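Q: Please take a close look at a single part of this structure and describe it for someone new to it. Follow the contacts outward from there.

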Amino acid sequence: MNQQQFERIIKDMTRRYGKMKSGTEEDHAMTLFVMETNLLKMHRAHPDSNSRRAKEAILLALYRVEGYLTGMKAETEPFESEENLRLRDALLMAFDPLLTKKSKP
């Protein structure tokens, strides 16, 4: 998998599941707040887990969710680092603790 294919998960999931409509962000505020808070806490504890790693973590979290839904695991190991995996797990803990690294897939 190359960088372009790695980033394609956003378009694929948008096509499959739709996206948040403009103006409806407030409906999702509590979940988004918890995600942002978890990311901020992780960044404060580990400053090397920065905004660049956060973008990668979002993609990794989407692949984890996609794997959870479809049962298929993507080969994301080349894109994983200690910094972005911390942030990925912080994101996943915000909405489903079963999706963290200790669980399958």
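A: Leaving out residues up to four places away in sequence, L59 touches F6, E7, I9 and I10. The model is a predicted one. L59 is found in helix α4. With a relative accessible area of 3%, L59 is buried, because buried means under 20%. One of the residues that L59 touches is E7. L59 and E7 are 52 residues apart in sequence, and their C-alpha atoms are 6.8 Å apart in space.

F6, another residue on that list, has a relative accessible area of 1% and is therefore buried. F6 also takes part in ring pairs. A search of the whole structure finds two aromatic pairs. In one of them, the rings of F6 and Y63 have their centres 5.7 Å apart and their planes at 10°, so this pair is stacked. F6 lies in helix α1, residues 3-7, and Y63 in helix α4, so the pair ties together parts that are 57 residues apart in sequence. Both F6 and Y63 are buried.

The rings of F6 and F79 also form a pair, with centres 4.1 Å apart and planes at 5°, so this pair is stacked too. Here F6 in helix α1 meets F79 in the loop between α4 and α5, so the pair ties together parts that are 73 residues apart in sequence. F79 has 14% relative accessibility and so counts as buried, the limit being 20%. Ring pairs thus link F6, Y63 and F79 into a cluster.

F6 and I9, both touched by L59, appear again in the nonpolar core. The largest nonpolar core has 17 residues, and those with the most contacts inside it are F6, I9, L87 and L91. The elements that give two or more residues to this core are α2, α3, α4 and α5. Of these, α4 gives the most, with seven residues.

Two of the residues with the most contacts in the core are L87 and L91. Not counting residues up to four places away in sequence, L87 touches L39, M42, S49, N50, R53, A54 and A57. L91 is placed in helix α5, which covers residues 82-95. At 6% relative accessible area, L91 is buried. Leaving aside neighbours within four places in sequence, L91 is in contact with M35, L39, A57, I58 and A61. L39 and A57 are thus among the residues touched by L87 and are also among those in contact with L91. The C-alpha atoms of L91 and M72 are separated by 20 Å, although these residues are 19 apart along the chain.

M35, one of the contacts of L91, leads to the largest pocket. That pocket has a volume of about 760 Å³. It is lined by 18 residues, and the closest to its centre are G18, M20, L32, M35 and L62. The elements that give two or more residues to the lining are α2 (9-17), α3 (29-45), α4 (51-70) and α5. By class, the lining of the largest pocket has 13 nonpolar, four polar and one charged residues.

M35 is also touched by F95. F95 is found in helix α5 and is partly exposed, with a relative accessible area of 38%. That value falls in the partly exposed class because buried means under 20% and exposed over 50%. Not counting residues up to four places away in sequence, F95 touches T31, M35 and V65. The C-alpha atoms of F95 and L32 are separated by 9.3 Å, while the two residues are 63 apart along the chain. L32 is one of the residues closest to the centre of the largest pocket.

A last residue, R44, has its place in helix α3. R44 is exposed, with a relative accessible area of 65%, whereas L59 is buried at 3%. R44 and E56 are twelve residues apart in sequence and 18 Å apart in space, C-alpha to C-alpha.

Note on methods
Residues numbered from 1 in each chain as written. Predicted model: local features only at pLDDT ≥ 70, side-chain atom pairs only at ≥ 80, totals over all residues. Heavy atoms only, no water. Helix = DSSP H or I, 4+ residues; strand = E, 2+ residues; numbered from the N terminus. Buried < 20%, exposed > 50% of the residue type's maximum accessible area, 1.4 Å probe, protein only. Contact = heavy atoms within 4.5 Å. 1 Å grid on protein atoms, 1.4 Å probe; cavity = no way out; pocket = protein on both sides within 12 Å on 5 of 7 lines; lining within 4 Å. Points joined across faces, edges and corners; volume = space filled by probe spheres on them. Nonpolar A, V, L, I, M, F, W, Y, C, P; charged D, E, K, R; others polar. Phe/Tyr/Trp six-rings, centres within 6.5 Å; stacked < 30°, edge-to-face > 60°. Core = buried A, V, L, I, M, F, W, Y, C linked by side-chain atoms within 4.5 Å.
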